[in-house]
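Trainee: Before I go back to the bench, could we work through the open and enclosed spaces of this protein together, and then look at how its strands and one of its helices are packed?

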Amino acid sequence: TAIARDLIEKIKILKKEKNYTILGHNYVIPELQEISDITGDSLQLARLATEIENDRILFLGVDFMAETLKILNPSKKIIVPTKGATCPMANSLTPELIKKFKEKYPDAPVVLYVNSTAKCKALADYTCTSANAVEIAKKIDSEVILFGPDKNLGSYVAEKTGKKIIPIPGDRGYCYVHNRFSIEDVKLAKEKHPDAKIIVHPEAKKEVRDLCEYIGSTGQMMKFPKEDETKEFIIGTEIGMIHKLSKTFKNKKFYPLKELGICNNMKKNNLKNVYEALLFENNEINLTEEIIEKAKIPILNMFKLME
Ligand code: 13P
Ligand code: SF4
C-alpha cells in the first residue's frame, strides 16, 4: 500500500541519518525482513551482533533475543520496536524453578535454550540454540543434563545423544507455535503435496519430527534446499520462514505445514513501530551489570564448546 511504501521510505532515511544497523529474525513479517540489513536464526544474530562495528542496533524479534545481543554487547545501544514482543516459552521458566531442580540434581549441569530470560541464563552453565543443542549436549562432560525450557528440543537432544535429559520446567515448557503441529497436519500436507519433502524445527513434538525428512533451526532450514534436488518443501515452522526461503530459492516451492503457524509476538513488530523506534529511540534494552556478567558466562561457554 501507499502507507507502507511511505513508511519504508521514512525508515530508510532515519536509519541512515541515525546510523542504525537493523538485525531481524527469520520470523518477522516480509516487509521487515526487507528493511533489515541482515536476517538470521537466533545463533547467527547473536554472533553477528559481536562482529558488526556499529554500536547502534535496532533488533526485530522477541525480547530474549534482544537481551542476548545486549549481554554480548553491553556498550552498544540496542533498541526494539516494542517491549511487548516476548516468548511465552522463555517465560515458562523462572530462576526459582531452576534453583529447585538444581537442589534435586546438584551434579547435573544446567543447559538453557537461548529462548530463556536473562535472569534464568544467569543461573545456567551453558546456553544452546536449536542449531547447536545436540552438539553442545554431546560435548558436555556429563551423562545427566538439566535442560530447559523446551521439552521437545530436550527430547530431540536426548534422542540424538543418548544422555539423560531432565526437562525444566517439564511439561509446561514448549513453543505453542511448533507444539501445535500434529501427525494429522503432516498427513494432510503430504497428501496435498506428494512430491514435497518436509522440513521441521526441533521444537516440534517427536511424533511429528519422526515423519519429517529434515530437522533443523531456521538457519539450518536455509541449507537443506540447496543440498537437495527436490523442488518442493513443506515447512514446519513459523510462517515468516516461507518468505525467506522463497526469496532465496526462486526455482523451488515452499508450503507451510500449517497456515496458522504464527508467532503472535514476532508479529508485534510492524512498519509503524519500527519507524517510531528509529524516531524516538526509546525502547532501549537495559540489563543490570550483574545480570549481564552472570548471563554472559553460559553464552561464552556455548561459543567455547563450538570452537
Ligand atoms: P531459531 O534459533 O531456529 O531461529 O529459533 C528461534 C525460535 O524462536 C524458534 O521458535
Ligand atoms: Fe517463542 Fe515459539 Fe515465538 Fe519462537 S516461535 S519466539 S519459541 S513463541
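Trainee: Which element gives the most to the lining of the largest pocket?

Mentor: Keep in mind that this is a predicted model, and that every value here is computed from it. The lining of the largest pocket includes D185, L188, A189 and K192, and the helix α11 covers residues 183-192. With four residues, the element that gives the most to this lining is α11.

Trainee: How many charged residues does the lining of the largest pocket have?

Mentor: The pocket holds about 190 Å³ of space, and besides residues of α11 its lining includes Y255 and P256, while the strand β12 spans 253-256. By class, the lining has six nonpolar residues and one polar residue, and its charged residues number four.

Trainee: Which element supplies the largest share of the lining of the second largest pocket?

Mentor: This pocket has about 160 Å³ of space and 16 lining residues, with D63, A66, V80, K83 and I285 nearest its centre. Both β3 (56-60) and α4 (63-72) supply at least two residues of the lining. The largest share, three residues, comes from α4.

Trainee: Turning to enclosed space, what is the volume of the largest cavity?

Mentor: The count comes to two cavities of 30 Å³ or more. Of the 28 residues that line the largest cavity, Y27, F64, M65, N115 and E203 are the closest to its centre. By class this lining has 16 nonpolar, 10 polar and two charged residues, and the volume of the cavity is about 270 Å³.

Trainee: How many charged residues are in the lining of the second largest cavity?

Mentor: About 50 Å³ of space lies in this cavity, and its lining consists of S42, L45, A46, F59, F64, M65, T68, L69 and V114. The elements that give two or more residues to this lining are α3 and α4, and the largest share, four residues, comes from α4. Divided by class, the lining has seven nonpolar residues and two polar ones, and the number of charged residues is zero.

Trainee: In strand β5, are V110, V111, L112 and Y113 buried or exposed?

Mentor: The strand pairs in the parallel sense with β7 over three bridges, and V110 has L146 of β7 as its bridge partner. It also pairs in the parallel sense with β6 over three bridges, where Y113 has C128 as its bridge partner. With V110 and L112 on one side of β5 and V111 and Y113 on the other, both faces are covered, and the four residues are buried.

Trainee: Which residues of helix α15 are buried?

Mentor: Helix α15 covers residues 240-248, and its buried residues pack against α2, β2, α13, α14, β11 and β12. An α-helix has 3.6 residues a turn, so residues three or four places apart point the same way. The buried residues of α15 are G240, M241, I242, K244 and L245.

Trainee: Finally, are C175 and C263 buried or exposed, given the relative accessibility of C175 and the relative accessible area of C263?

Mentor: A search of the whole structure finds zero disulfides, which leaves the accessibility of these two cysteines to consider. The cut-off for buried is under 20% relative accessible area. Because C175 has 11% relative accessibility and C263 has a relative accessible area of 12%, each of the two counts as buried.

Definitions and conventions
Residues numbered from 1 in each chain as written. Chains lettered and ligands numbered in written order. Predicted model: local features only at pLDDT ≥ 70, side-chain atom pairs only at ≥ 80, totals over all residues. Heavy atoms only, no water. Disulfide = S-S within 2.5 Å. Buried < 20%, exposed > 50% of the residue type's maximum accessible area, 1.4 Å probe, protein only. 1 Å grid on protein atoms, 1.4 Å probe; cavity = no way out; pocket = protein on both sides within 12 Å on 5 of 7 lines; lining within 4 Å. Points joined across faces, edges and corners; volume = space filled by probe spheres on them. Nonpolar A, V, L, I, M, F, W, Y, C, P; charged D, E, K, R; others polar. Contact = heavy atoms within 4.5 Å. Pairing = 2+ DSSP bridges.
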